[in-house]
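Trainee: Could we go through some of the labels used for a protein model? I would like to see how each one is earned.

Mentor: Gladly. Ask away, and we will set each value against its cut-off.

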Amino acid sequence: MSLTKRIDDLSSRREVRSGWFGFITIFFLSFIILPTVYVLIYGITDFQNLSDAVLGEPEVMSMIWGAVFTSFSLALLVTIIDLIVGLPMAWIMVRKEFRGKRWLDTLIDMPLAFPTAALGFSIGIFWGLPVDAPVPPGALGIVADPYILILLLHIIFTYPYMVRSLSAILEQIDQSYEEAGMTLGASRLTAVRTITLPLFRAGLITGFILCFARSLSETGGTFIALITVGKADVFFTGPTLIAWLKQPDVGVADVEAVLAVVSIILIITAITFLLIIKYVLGKVSVPFEKVWPRWERVLSRGSFPKAKDLFSFVFLFAIVIIPAFFIFAYLLVPAPGEMDWSGLVDALTYSFMVAGIVTAADIVLGVPLALYIARHRDKKLAQVVDSLVNVPLIVPTTALGFSLALFWTSQDLITNLTALVIFAHIAFTYPLVVRNVAGAVMEVDTSYEEAARTLGAKPFATFRTVLLPIIRASVLAGAILAFTRSLGETGATVAVSAEANTMPVYIVNLINAGDYYLASIAAMVLIMVSFVFMFALRYAVRRDGGAY
């Protein structure tokens with residue numbers, strides 16, 4: 001009997017299906033959620049030690065609160081800027097037709113394909129003032145303030161989230177509403193502001209949360225940009241403080257206690273703040289009723305709309321695209337003698353191995369959980385699990401990595417470095433697969449599966465021959481997102497151990513050692529690998545009739 005036939009037979013037994021879904025749920029709660037928030041339990045059980053070592057030290061607490069405040073202020077400012085500049089670009093991409101639109105659509109997504117380690121290095125040498133680094137021709141070197149430098153960096157990788165979120169909602173809004181308003185005498189600006197924008201709330205909430213959470217949790221690019229300009233030991237965000245404390249000889253007493261306090265504060269404040277934002281944005285209504293006919297009519301005509309569109313394009317290329325791609329300018333810099341490629345090959349091989357194992361685990365264990373969530377939405381457990389899936393996406397990855405390593409090592413359950421890295425990467429990539437697949441399954445009419453079963457197909461055969469071909473693009477999308485996310489992750493890896501030889505950590509070590517040229521080559525290799533997978537994702541989804 002073939003393996004497929006054997007699985008088909010087993011799937012027809014109710015107790016087997018219940019046991020499998022039970023195992024998946026237990027795995028999710030025990031191997032992802034519990035390790036992710038374990039540092040909170042550690043903080044309660046070891047509160048006295050943390051109080052004596054950290055909470056009672058004003059200088060240390062001042063450093064921690066300063067880093068956390070910097071993280072939140074950056075995330076809020078970045079999100080507001082993304083909204084201001086992202087809305088006009090979303091409008092252009094949805095409502096206007098022009099030559100090269102498809103290429104522009106691809107360019108907007110490009111920063112998503114950049115590993116943050118490579119992006120941080122590129123921004124550091126383009127805008128910043130690198131320390132003892134051979135800077136390629138064309139670098140501006142005009143930003144000395146690390147806060148402004150990191151603000152520019154965070155805008156690059158959050159901007160696409162805002163544009164995509166607003167575009168998705170705008171595509172669903174019937175344009176005839178605006179046209180009706182304009183036939184009644186309203187100017188285009190008045191019609192858009194009073195009719196269309198109030199319908200943007202869902203997209204606004206999604207974009208705001210995605211951008212805020214992404215900026216808040218960012219570590220790798222921020223840390224590398226700060227190292228590049230020599231500010232990594234004097235300017236901190238919450239996540240980069242954890243990354244810095246994991247470096248050797250930082251001169252801080254009881255580093256583990258400080259790491260625990262920083263992680264606890266980041267996790268609690270991040271979850272609380274995002275819940276507040278979601279609630280406030282969902283309840284507060286903006287007064288759009290007031291109109292200024294004369295001024296809005298003036299702003300709807302002539303050079304003003306063209307100036308708005310021009311500003312959107314200039315911002316996209318000058319602030320997002322050119323700085324992101326500037327790292328390729330190192331191809332114009334002569335190589336400083338013979339290069340030792342063995343370290344790069346070892347790091348790339350190790351990263352591929354980790355990302356491959358992580359992606360396989362995400363698919364095998366994530367698809368069943370997605371099916372359970374999508375097909376049991378009326379059950380309380382499925383609703384709870386559905387909410388918990390978002391937790392690893394909200395928690396900053398450095399805090400997640402430290403919490404997970406603390407959980408496994410304190411219980412003496414896992415001590416192998418590679419295993420710890422793999423479990424850490426599964427924790428923050430697993431939700432990407434579950435979210436993609438669950439969303440796709442929810443859109444599939446259950447009558448297709450019911451028809452197959454009435455014709456005698458067993459549950460697994462129904463999934464394999466009916467449902468899987470329909471959701472194949474979403475499964476592939478989740479797999480590619482998980483693979484590239486794991487491949488480019490720095491924060492969680494460093495929080496587990498700064499000795500893990502992944503490509504992003506290898507780049508950090510090269511920059512610390514002053515080998516900027518080899519670091520740029522490693523970053524370019526990582527970018528090209530991510531580009532290949534990103535374009536494969538776009539091709540697969542479009543081939544199946546979707547849009548990415």
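Trainee: How many salt bridges does the count come to by this rule?

Mentor: The count comes to seven salt bridges. Keep in mind that this is a predicted model.

Trainee: What makes Lys 96 and Asp 309 a salt bridge?

Mentor: The rule asks for a side-chain nitrogen of Lys or Arg within 4 Å of a carboxyl oxygen of Asp or Glu. In this pair the closest N and O atoms are 2.4 Å apart, so the pair meets the rule. Lys 96 sits in the loop between helix H4 and helix H5, while Asp 309 belongs to helix H15. The two are 213 residues apart, and the pair links distant parts of the chain. Lys 96 and Asp 309 also join Lys 308 in a network of salt bridges.

Trainee: Why is Lys 96 called partly exposed, and is Asp 309 buried or exposed?

Mentor: Buried means under 20% relative accessible area and exposed means over 50%, with partly exposed in between. Lys 96 has 30% relative accessibility, so it counts as partly exposed. Asp 309 has a relative accessible area of 13%, so it is buried.

Trainee: What about the salt bridge of Glu 97 and Lys 101?

Mentor: Their side chains meet at 3.2 Å, N to O, and that value is within 4 Å, so the name salt bridge applies. Glu 97 is at 68% relative accessibility and therefore counts as exposed, whereas Lys 101, at 16%, counts as buried. Another salt bridge joins Glu 218 and Arg 214 at 3.4 Å, N to O. Both Glu 218 and Arg 214 are buried.

Trainee: How do you know that helix H6 is largely enclosed by the rest of the structure?

Mentor: Look at its residues, 116–126. Eleven of the eleven are buried, so H6 is largely enclosed. Among them are Thr 116, Leu 119, Phe 121 and Phe 126.

Trainee: And why is Gly 138 called exposed?

Mentor: Its relative accessible area is 56%, and the cut-off is over 50%, so Gly 138 is exposed. Gly 138 lies in the loop between H6 and helix H7. Leaving aside its neighbours within four places in sequence, Gly 138 is in contact with Phe 126 and Phe 326. Gly 138 and Phe 326 are 188 residues apart in sequence, yet 8.4 Å apart in space, C-alpha to C-alpha.

Trainee: Now the helix pairs. Why is H19 called oblique to H20?

Mentor: The axes of H19 and H20 come within 10 Å and cross at roughly 130 degrees. That angle is over 115 but not over 145, so H19 is oblique to H20. The crossing of H19 and H20 is right-handed. Residues making the contact include Leu 404 and Trp 408 of H19, and Phe 423 and Phe 428 of H20. By class, the contact has nine nonpolar, two polar and no charged residues.

Trainee: What makes H16 and H20 oblique to each other?

Mentor: Their axes come within 6 Å and cross at roughly 40 degrees. Angles under 35 count as roughly parallel and 65 to 115 as roughly perpendicular, so 40 falls between these ranges and H16 and H20 are oblique. H16 passes H20 in a right-handed crossing. The residues of this contact divide into 24 nonpolar, four polar and two charged.

How values were computed
Residues numbered from 1 in each chain as written. Predicted model: local features only at pLDDT ≥ 70, side-chain atom pairs only at ≥ 80, totals over all residues. Heavy atoms only, no water. Axes fitted to C-alpha atoms, helices over the stretch in contact; angles between N-to-C directions. Helix = DSSP H or I, 4+ residues; strand = E, 2+ residues; numbered from the N terminus. Left-handed = near helix turned anticlockwise from the far one by under 90°. Contact = heavy atoms within 4.5 Å. Nonpolar A, V, L, I, M, F, W, Y, C, P; charged D, E, K, R; others polar. Buried < 20%, exposed > 50% of the residue type's maximum accessible area, 1.4 Å probe, protein only.
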